[in-house]
Amino acid sequence: MKKYTDTGKKDTRSGFGAGLLAAGKADERVFALTADLKGSLKMDAFAAEFPERFVQCGIAESNMVGAAAGLAIAGKIPFIGSFAEFVTGRVYDQIRQEVSYGKTNVKIASSHAGITLGEDGATHQTMEDIALMRALPDMVVINPCDYNQTMQATIAAAMYDGPVYLRFGRPSVPNFTPADEPFVIGKAYVMNEGKDVTIFATGHLVWEALTAAEQLEAQGVSAEVIDIATIKPLDEAAVLASVKKTGKAVVAEEHNAAGGLGEAIAALLARECPTRLSFLNGKDLFGQTGTPAELMAAYGLDAAHIAEAALALVK
Amino acid sequence: MKKDIQELQSIASQVRRDIVRMVTLANSGHPGGSLSSADILTALFFHVGDLTPEGWTRDGKGKDQFILSAGHLTPVYYSVLARAGYFPVSELATFRKMGSRLQGHPSIRKGLPGVTQASGSLGQGVSVAAGLALAKKADGDPHKVYVLCGDGESEEGQIWEGAAFAAHHKLANLVGITDWNGQQIDGTVDSVSGGGDLEAKWKAFGWNTVVADGHDMTAIIDAFARADKASAGNGKPTMILFKTDMGHGVDFMAGTCKWHGKAPSAEQCQAAMTQLEETLGDF
């Protein structure tokens, strides 16, 4: 089983900031917009390097979406950044009309997603954003797993022609993917090959899945871990190939059950290859105040819960 | 080629015929606000703006741009675009029909020339226009961006987010147009929301304002010239508030909200046609 090394904990939002700066250097059409969250979104370096391409929108997210659409129509590549709830639920109609239906090349940079936002509590912990964005025609949904992958995914999003929802988080988490591996939109990354059970994970839960696979290996269970970094379009071939081998799968995500990765995979497998599945997600609940680790344990999303679910399938 | 006042009045009469006939044929649509903004859009497309179809692209490079924020005003929008030569006038007969490029509200997905952005969900056009204006400013493109809003639409909070944004970023190349007809679906704007002093609101948000009669071609053209002068003088965006009558030009439709989104019967359409001169040939 392939072992991954945490090269030092980093927040995925800083990966976004690094990717944004790199994308801005590579292409002068790249703009960055924020609604009074420049620091939280790690846009400081971009704003300092390209002040003429950094647009402060104030606490007015609806306008930010429209202004970004205008910039995109004019040929720019705008990234709009805020907390996940405020660039999805708060502005859903604006994104639907101006970005998705309007087919504009806007990149939605969504930070502080999921419960690992932590202490701010449920108003800020969106667990519904993937469902909202998946439902929009032509929207690409990317949820990278660590700093390096978020950086590379940001660069790839800038180069992709079309609307992208790029989801990342607040806390520092293990950084374990290669720093220089270009991100491929629509590709599922097979992190570990295994034969007994597949663990499909996305975002912060990929590291948890890898940790769970190590625990399972110690118990004689060979788990295949697949990083679903792009939730839409789903890499159907990779999903099908894995479950045809293992025959059962766990789907783990920091998102509620409705409309999330679990339902996306279940719909595919129901159609093409009925498979025993187990789902780890936020169920039908709101988050609450706590440390990220406390919340991950309380909502059943950490490595121990993933391993437990996999074992139950294998038995 | 700029049209003179008489030619503009002639085009506007035909546009009004188109509006009523399109909505009648479709048996749905929004004649009221289309009729109230017909003179303004005719002046804008045929005299004021660089909005000819020649060289038009969605990105608007090297041309003025127009955004219809009040997306339900497609009858007047499509008629003006067709009469300006963006697409065949005969296509107006397909308005709101299955498969048509003339969707009920503007779409960029059907490839209709002249449409820069989708609209219909209200209150978003000022933001989009501000983004376009920001891009023109960044690119050193001296052309303008025009956006048409309704006064009822201006109840949407996002209008005011866009207003503050455009003023903050000194978008002097952004020209707002309000079809100030005082009506919305449920009644007069005053009765529905207590609209207040719209001019004072725009001023308070840091815009220049110009108020003019939206049914007097000379006054309309003069208003755009005053807007240019004001923006050039102080670097602020300008909102032109045109006083209009909903349903203007058809006596039984004028001055009421009843025809905001209602199609006339064939007989009512005939009655309207007797009041509007056919100047350019019906579609």
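In the predicted model, the contact between the two chains draws on 25 residues of chain B and 24 residues of chain A. On the side of chain B that touches chain A, helix 5 (125-139) and helix 6 (157-168) of chain B each contribute at least two residues. Helix 5 of chain B provides the largest share of this side, with 10 residues. By character, the residues of chain B that touch chain A comprise 11 nonpolar, nine polar and five charged.

Within chain B, B:Gln65 belongs to strand 1 (residues 65-68). B:Gln65 has 30 other C-beta atoms within 10 Å and is therefore classed as buried, the cut-off being 20 or more. Apart from neighbours within four places in sequence, the residues in contact with B:Gln65 are B:Gly60, B:Thr116, B:Leu132 and B:Val145. Of these, B:Thr116 is 51 residues away from B:Gln65 along the chain, and the C-alpha atoms of the two are separated by 7.9 Å.

Chain A contains an open sheet of seven strands with mixed pairing, arranged in the order 3-2-4-5-7-6-12. The edges are occupied by strand 3 (54-56) and strand 12 (230-232) of chain A; each has a single partner strand, so one side of each lacks a neighbour in the sheet. On average, neighbouring strands of this sheet are turned by 20 degrees against each other, direction ignored. At one edge, strand 12 of chain A runs antiparallel to strand 6 (residues 140-142) of chain A, and two bridges join them. In this pairing, A:Thr230 of strand 12 is the residue opposite A:Ile142.

Definitions and conventions. Residues numbered from 1 in each chain as written. Chains lettered and ligands numbered in written order. Predicted model: local features only at pLDDT ≥ 70, side-chain atom pairs only at ≥ 80, totals over all residues. Pairing = 2+ DSSP bridges. Helix = DSSP H or I, 4+ residues; strand = E, 2+ residues; numbered from the N terminus. Axes fitted to C-alpha atoms, helices over the stretch in contact; angles between N-to-C directions. Contact = placed C-beta atoms within 7 Å. Nonpolar A, V, L, I, M, F, W, Y, C, P; charged D, E, K, R; others polar. Buried ≥ 20, exposed ≤ 12 C-beta atoms within 10 Å, placed from the backbone.
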